[in-house]
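Me: Can we go through the aromatic rings in this one? Here it is.
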Amino acid sequence: MTTTIERGRPGTRPVKAAPPNRRPGRIRRIGLPYLLLLPALVLELLVHLVPMVIGIVMSFKVLTQFYIRDWGSAPWAGLDNYSLSVDFNAPVGEALLHSFFVTVAFTLLSVALCWLIGTAAAIFMQDTFRGRGLLRALFLVPYALPVYAAVITWVFMFQHDNGLVNHVLHDQLGLTDKPSFWLIGDNSFYALLTVSVWKGWPFAFLIVMAGLQNIPRELYEAAALDGAGIWQQIRRITLPSLSPVNQVLVLVLFLWTFNDFNTPYVLFGRAAPEAADLISVHIYQASFVTWNFGAGSAMSVLLLLFLLAVTGVYLAVTSRGRRPADA
């Protein structure tokens, strides 16, 4: 800021000069980040939002194989597709409800096991020992492998006659009376859960390990001097300090697992067993196997609304629990 003083006049006060007009430069500085984000926003609209809007429109149409060439000419169905999907006394609604319950059970078990194994491995890796870097790299291999390559490997391992799983459980350990069928029947649920946990826990391990770096080591040293054991340190220091990280981690794992399509599709093919009929594969079958794209789109919209509701409730509950601590 510059000032001007009239010379020769004692006692005169300095006069402030008018500040320069910096508005154009400030506008350019504020608008530059939005300009840089514009290409990503346009691509997001083209890749995600536009197909989502088209899918919502398709859910209100009688879109079968007879109108797939020109789906815009398909007659309007109103809410008939939604009524068909939520009529749990009819075969379509009953099958969708069963698929929903299977998906909920699978998601809860998979997320819980991924978090538990990932957290235990991350805490174990905090101590310094020889070979820790190599072991960390090996832990991340399932997460780094392509989904199709990893799941196809599990398909061969779950084979009835010459699979590695039956060879270990039946031939080597003798835990089963006879070789099991893992890709059909009730065992398909456990096979799908095993592959999902094997593929997902390294992500939890990576996130929790990053969160542990922000916990000061002095807290553990002070707790050890006070006589706290390892379990008390985990309960009183580690888990409360990881609370913000775990809140985001659990939400991301839930959304990823609930929407997972690649794993069951590669593991079982187009027709998943009833015990492993996840809702993502069920919607695919309703759309591309029975050729009822209107009903499949309605199911997808219902799934979207359910996930939005769960996410909203989860964020509301977790943010309410965080407010007293922040205050």
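Reply: Sure, rule up front: rings of Phe, Tyr and Trp (its six-membered ring) pair if their centres lie within 6.5 Å, and planes under 30 degrees apart are stacked, over 60 edge-to-face, the rest tilted. This is a predicted model, where local features need pLDDT of at least 70, side-chain atom pairs count only at pLDDT 80 or more, and totals for chains, interfaces and linings use all residues. Residues are numbered from 1 along each chain as its sequence is written, and side-chain values use heavy atoms, leaving out hydrogens and water.
Me: How many aromatic pairs does that rule give?
Reply: The count is 21. One of them is Phe 100 with Phe 306, edge-to-face, with 5.0 Å centre to centre and 85 degrees between the planes.
Me: Which helices do Phe 100 and Phe 306 lie in?
Reply: Phe 100 is in helix 3 (residues 91-124) and Phe 306 in helix 14 (residues 293-326), so the pair ties together parts 206 residues apart in sequence. Helices here are DSSP runs of H or I, at least four residues, numbered from the N terminus.
Me: Is Phe 100 exposed, partly exposed or buried?
Reply: Partly exposed, at 22% relative accessible area; Phe 306 is also partly exposed, at 26%. Buried means under 20%, exposed over 50%, partly exposed in between (1.4 Å probe, protein chains only).
Me: What about Phe 261 and Tyr 265?
Reply: Their ring centres are 5.0 Å apart and their planes at 25 degrees, so that pair is stacked. Both belong to one aromatic cluster with Tyr 284, Phe 288, Trp 291 and Phe 293.
Me: New topic: which residue lies over the face of Trp 76?
Reply: Lys 61, at 4.2 Å from the ring centre. The cut-offs: NZ of Lys or CZ of Arg within 6 Å of the ring centre and within 35 degrees of the ring normal.

Notes. Helices (H or I, at least four residues) and strands (E, at least two) are DSSP runs, numbered from the N terminus.
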